[in-house]
Amino acid sequence: QVQLVESGGGLVQTGGSLRLSCAASRSIFGMGWYRQAPGKQRGLVAHITSGGTTTYADSVKGRFTISRDNAKNTVYLQMNSLKPEDTAVYYCNAGITMRGAYWGQGTQVTVSS
């Protein structure tokens, strides 16, 4: 079992920045972020392996950066140039595959226009 604890969501204006953090209770191969807006399915934002291989959704490439500190079992999502369409609940995810078995509780990100 893996527990994930997220932090860093909030309200920001268009063009602003936020940084999300997610700490896992133990080391795990893949960690990432998904988001879900009202009425939409939960979708991948970004993913990173323990070796540093990254994957991004096309909609966030060039604006968001995922990174991780393996010593702290923590993954980060730096979000820059935020847009209203980035508004969603962001979920930390972890596991041995891209969409792993473990989920955080979610953190709200709201971008005002």
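In this predicted model, the side chains of Arg63 and Asp86 come together in a salt bridge, with 2.8 Å from N to O. Arg63 sits in the loop between β6 (54–56) and β7, while Asp86 sits in the loop between β8 and β9, so the contact ties together parts that are 23 residues apart in sequence. Charged side chains might be looked for on the outside, but here the numbers point elsewhere. Arg63 has a relative accessibility of 11%, and because buried means under 20%, Arg63 counts as buried. Asp86 is buried too, with a relative accessible area of 1%. Salt bridges with shared partners join Arg35, Arg63 and Asp86 into one network.

The other link in that network runs between Asp86 and Arg35, whose side chains meet in a salt bridge of 2.9 Å, N to O. This pair brings together distant parts of the chain: Asp86 is in the loop between β8 and β9, Arg35 is in strand β4, and their positions lie 51 residues apart in the count along the chain. Both Asp86 and Arg35 are buried. The structure holds three salt bridges. One of them joins the side chains of Asp58 and Lys61, at 3.1 Å from N to O. Here the setting is the opposite one, since both Asp58 and Lys61 are exposed.

Next comes the sheet that includes β7 and β8. Four strands form an open sheet in the order β1-β3-β8-β7, with antiparallel pairing. β1 (4–7) and β7 stand at the edges with a single partner strand each, so one side of each has no neighbour in the sheet. On average, neighbouring strands of this sheet are turned by 15° against each other, ignoring direction. As general background, strands of a sheet pair through backbone hydrogen bonds, either parallel or antiparallel.

At one edge, β7 and β8 run antiparallel and are joined by six bridges. Within this pairing, Phe64 stands opposite Met79 in β8. Met79 also has plenty of company from elsewhere: leaving aside residues up to four places away in sequence, Met79 touches Gly16, Ser17, Leu18, Leu20, Arg63, Phe64, Tyr90 and Val109. That list includes Arg63, the salt-bridge partner of Asp86.

At the other edge, β1 and β3 pair in the antiparallel sense over four bridges. Leu4 has Ala24 as its bridge partner in β3. The side chains of β1 follow a neat alternation: Leu4 and Glu6 point to one face and are buried, while Val5 and Ser7 point to the other face and are not. Further along in β3 is the place of Ser21. Ser21 is buried, with a relative accessible area of 17%. Not counting residues up to four places away in sequence, Ser21 touches Val5, Glu6 and Ser7, and also Trp33, Val75 and Tyr76.

Strand β3 also takes part in a covalent link. Cys22 is joined to Cys92 by a disulfide, with an S to S distance of 2.1 Å. The torsion about the S-S bond is about -85°, so this disulfide is left-handed. Like some of the salt bridges, the disulfide links distant parts of the chain: Cys22 is in strand β3, Cys92 is in strand β9, and the two are 70 residues apart. Both cysteines, Cys22 and Cys92, are buried. The count for the model comes to one disulfide.

What about the nonpolar interior? In soluble globular proteins, nonpolar side chains tend to be buried together. In this model, the largest nonpolar core has 29 residues, and those with the most contacts inside it are Leu4, Met31, Trp33, Leu77, Met79 and Tyr90. The elements that give two or more residues to this core are β3 (18–24), β4 (30–36), β5 (43–49), β7 (64–69), β8 (74–79), β9 (88–95) and β11 (107–112). Two residues with many core contacts, Leu4 and Met79, have already turned up above: Leu4 as the bridge partner of Ala24, and Met79 opposite Phe64.

Ala46 offers one last view of the inside. Ala46 lies in strand β5 and is buried, with a relative accessible area of 0%. Leaving out residues up to four places away in sequence, Ala46 touches Gly32, Trp33, Thr55, Tyr56, Ile66 and Leu77. Trp33 and Leu77 are among the residues with the most contacts inside the core. Between Ala46 and Lys61, which are 15 residues apart along the chain, the C-alpha atoms are separated by 9.1 Å.

Definitions and conventions. Residues are numbered from 1 along each chain as its sequence is written. This is a predicted model: local features need pLDDT of at least 70, side-chain atom pairs count only at pLDDT 80 or more; totals for chains, interfaces and linings use all residues. Side-chain values use heavy atoms; hydrogens and water are left out. A nonpolar core is a set of buried Ala, Val, Leu, Ile, Met, Phe, Trp, Tyr and Cys residues joined through side-chain atoms within 4.5 Å. Buried means under 20% relative accessible area, exposed over 50%, partly exposed in between (1.4 Å probe, protein chains only). Contact means heavy atoms within 4.5 Å. Two strands pair if DSSP finds at least two bridges between them. Axes are lines fitted to C-alpha atoms, for helices over the stretch in contact, and angles run from 0 to 180 degrees between N-to-C directions. A salt bridge is a side-chain nitrogen of Lys or Arg within 4 Å of a carboxyl oxygen of Asp or Glu. A disulfide is a pair of cysteine sulfur atoms within 2.5 Å.
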